[in-house]
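I opened this notebook to keep a record of what I looked up, entry by entry. I start from one term and then go from the whole chain to single residues.

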Amino acid sequence: MPAVLHVTCGALPALAIWIVLRRGVGAGLRGPLLWLDALPIALGFALGLLATGRPVLTAIPLVAAGAGLLLADRVKRDVLGEPVVFADRSELGDLILHPYLYLPFADRRHLQIGGFAIALALGVVAASEPPLWPVWPWRPPLAFGLAVACFIVPTWRPLLRRLAAFYARRPITRDPARDMALLGMLGCFVVHATLARAERRERQRAARSLQLPALPVGTGPVVIVQSESFMDVRRLQPALGDEALPGWAGLCRDAVSWGRLSVPAWGANTVRTEFAVLTGLEEAALGLDRFNPYDAFAREALPNLAATARAAGYHTVLVHPFDLTFYGRYRVLTAFGFEELIGPEAFRDVAQKNAWVADAEVARVVAEVIRRKGPKVLVFAVTMQNHGPWTAGPPAPGLESVPEAGELGTYLAGVRAADRLIPVLTEALTSGGATGWLLIYGDHQPTLPHALRALGIVDRRTDYALWSTRGGSGVRQDLAAHELGRALLGTMAQTPQLRTDAA
């Protein structure tokens with residue numbers, strides 16, 4: 001086969017997947033920075049050809065990667081209501097380590113067929129396609145080195161600033177869905193990643209200047225619970241009364257304040273809400289790093305609740321029954337000032353519910369920390385029992401005809417389990433004698449879009465309650481996630497404290 005025809009046989013599939021990617025996100029074959037959108041595919045093909053000398057073999061991984069991106073984008077839009085973004089690249093390692101968190105949302109049959117087809121194609125082509133030239137041992141390392149250079153060179157600060165200024169002069173909206181329809185998926189990734197990196201230092205500097213209020217002297221233990229996928233499910237059925245969530249109903253009744261919580265995520269991306277609550281930073285302060293603040297923005301210490309508590313002489317503890325390397329939590333929360341990190345190793349021999357550690361076990365560990373560390377302790381607990389995907393169980397009475405009824409029934413059982421965590425924590429805080437504080441909030445609503453839509457739930461807010469051992473009048477005050485930490489500190493400062501010798 002002539003060399004030109006041979007290269008064309010490999011280039012055409014690569015070109016086709018690029019066109020399919022553009023069409024898949026609503027971009028046409030004309031528009032600004034068209035060359036930039038095509039550049040990753042072109043570079044990938046050129047470097048793969050340099051390494052292997054086989055055009056068709058080189059095209060197969062590119063086609064597979066493009067198809068995978070398109071599938072991920074469609075699933076994410078359907079389940080979470082947003083497209084794939086450049087920051088999602090940081091979750092590739094988590095996808096490999098914890099595939100059960102991601103793959104159930106895609107069609108497993110299609111994934112299996114696709115994986116088999118790719119493996120078969122690679123094997124057949126590798127065995128049958130002759131190389132265009134002798135593949136010397138130095139070619140693959142050279143191709144790899146050039147690929148690394150393609151990622152590193154644009155991050156050189158002077159070039160980065162010029163690129164960011166060049167992109168900023170284009171009609172960029174910084175909204176992923178709109179920019180993908182304008183630039184294409186790959187072009188959007190390049191532009192957003194460049195702008196985020198170029199602006200990050202200045203945004204971090206601004207974030208460090210926004211200090212949180214001091215933690216008042218003389219207060220007792222503080223417990224903050226980020227409850228997985230929690231919302232007040234009584235709004236799903238008007239007929240449901242306080243008996244559906246007795247712990248939550250009582251907590252709100254006696255709370256200092258409670259209400260709806262506007263969160264920067266829906267269905268997933270827990271760390272967006274977590275970061276907002278801990279730091280008090282709203283999404284606008286993060287720019288394009290808002291999609292995953294733990295990826296790069298929070299790699300250095302920022303003002304946050306843990307650092308504030310430590311400055312007041314508190315011992316700070318994180319309790320999370322899941323892999324602490326997920327989202328880079330270990331690195332980020334250690335930098336934030338958490339002195340003690342209690343992870344899954346503390347829950348190896350305890351009850352599991354729906355594949356996750358039961359909320360009751362998290363409450364038990366938190367209560368032990370309070371007893372062990374005394375009044376000057378701040379505990380930030382993250383629960384997992386009600387994490388999706390939910391297996392289909394018995395539908396809740398009255399909700400049998402709702403789409404995803406079985407999954408919704410399992411989710412509601414998880415919310416009731418979260419409710420039983422509340423009396424354990426209030427009792428532990430009350431028994432210490434000092435003024436104790438409990439803040440509970442939901443990180444996001446569950447990934448049950450069809451069920452929630454059928455029930456008329458268009459409000460994507462979750463719920464929170466701020467409770468004190470001193471009692472409260474149950475005032476409703478709706479807040480945003482980034483206001484919650486400041487509200488906690490502000491309320492504590494205004495509340496007379498019970499002083500003890502231990503405090």
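**Entry 1: a term I need, and a loop residue.** I wrote down first that a residue counts as buried under 20% relative accessible area, as exposed over 50%, and as partly exposed in between. I also noted that the model is a predicted one. I then tried the term on Gln477, which has a relative accessible area of 41% and is therefore partly exposed. I found Gln477 in the loop between β10 (475–476) and β11 (479–480). Setting aside residues up to four places away in sequence, I listed Ser257, Trp258, Gly259 and Tyr464 as the residues that Gln477 touches. I also looked up its separation from Trp35, which is 442 residues away along the chain, and the C-alpha atoms of the two are separated by 50 Å.

**Entry 2: the whole protein.** I counted 18 helices and eleven strands in the protein. For the overall dimensions I noted that the C-alpha trace spans about 85 × 55 × 45 Å along its principal axes. I compared the radius of gyration with the rule for a compact globule: for 503 residues the rule gives a value near 23 Å, and the protein has 26 Å, which agrees. Of the 503 residues, 51% are buried. I noted an exposed area of about 22200 Å², of which carbon and sulfur atoms supply 62%. Looking at contacts between residues at least 6 apart in sequence, I read that 78% of them join residues at least 24 apart.

**Entry 3: strand β7.** Which strands pair with β7 in the parallel sense? I found that β1 (residues 222–227) does so over five bridges, and that β3 (residues 315–319) pairs with β7 in the parallel sense over five bridges as well. In the pairing with β1, Val222 stands opposite Leu378, and in the pairing with β3, Val319 has Ala381 as its bridge partner. I then checked the burial of the strand: six of the six residues of β7 are buried, so β7 is largely enclosed by the rest of the structure. Val377, Val379 and Ala381 point one way from the strand, while Leu378, Phe380 and Val382 point the other way.

**Entry 4: aromatic rings.** I searched the whole structure for aromatic pairs and the search gave ten. One of the pairs is Phe338 with Phe380, whose ring centres are 6.1 Å apart and whose planes stand at 35°, so I entered the pair as tilted. Because Phe338 lies in the loop between α13 (329–336) and β4 (340–342) and Phe380 lies in strand β7 (residues 377–382), the pair ties together parts that are 42 residues apart in sequence. Phe338 is buried at a relative accessible area of 3%, and Phe380 is buried at 0%. I next took the rings of Trp390 and Tyr411, whose centres are 5.5 Å apart and whose planes stand at 85°, so this pair is edge-to-face. Trp390 is in the loop between β7 and α15 and Tyr411 is in helix α15, which places the two 21 residues apart. Both Trp390 and Tyr411 are buried. I also noted an aromatic cluster formed by Phe275, Tyr294, Phe297 and Phe336. Finally, I recorded that Arg460 lies over the face of Trp266, at 4.3 Å from the ring centre.

**Entry 5: three helices.** In helix α10 (residues 246–254), I marked Gly247, Trp248, Ala249, Gly250, Leu251 and Cys252 as buried. What do the buried residues of α10 pack against? I listed β2 (257–262), α15 (405–419), α16 (421–430), β8 (437–442) and β9 (462–468).

I then turned to Thr58, which is found in helix α3 (residues 55–80). Its relative accessibility is 7%, so Thr58 counts as buried. Beyond its neighbours within four places in sequence, Thr58 is in contact with Gly44, Phe45, Gly48, Leu49 and Thr52.

The last residue I looked up was Thr308, in helix α12 (residues 305–311). Thr308 is buried as well, with a relative accessible area of 13%. Not counting residues up to four places away in sequence, Thr308 touches Leu212, Pro213, Ala214, Leu215 and Leu489. From Thr308 to Val79 I noted 229 residues in sequence and 37 Å in space, C-alpha to C-alpha.

Definitions and conventions: Residues numbered from 1 in each chain as written. Predicted model: local features only at pLDDT ≥ 70, side-chain atom pairs only at ≥ 80, totals over all residues. Heavy atoms only, no water. Buried < 20%, exposed > 50% of the residue type's maximum accessible area, 1.4 Å probe, protein only. Helix = DSSP H or I, 4+ residues; strand = E, 2+ residues; numbered from the N terminus. Contact = heavy atoms within 4.5 Å. Phe/Tyr/Trp six-rings, centres within 6.5 Å; stacked < 30°, edge-to-face > 60°. Lys NZ or Arg CZ within 6 Å of the ring centre and 35° of its normal. Rg over C-alpha atoms; globule rule 2.2 N^0.38 Å. Areas by Shrake-Rupley, 256 points an atom, 1.4 Å probe, with all protein chains shown as cover. Pairing = 2+ DSSP bridges.
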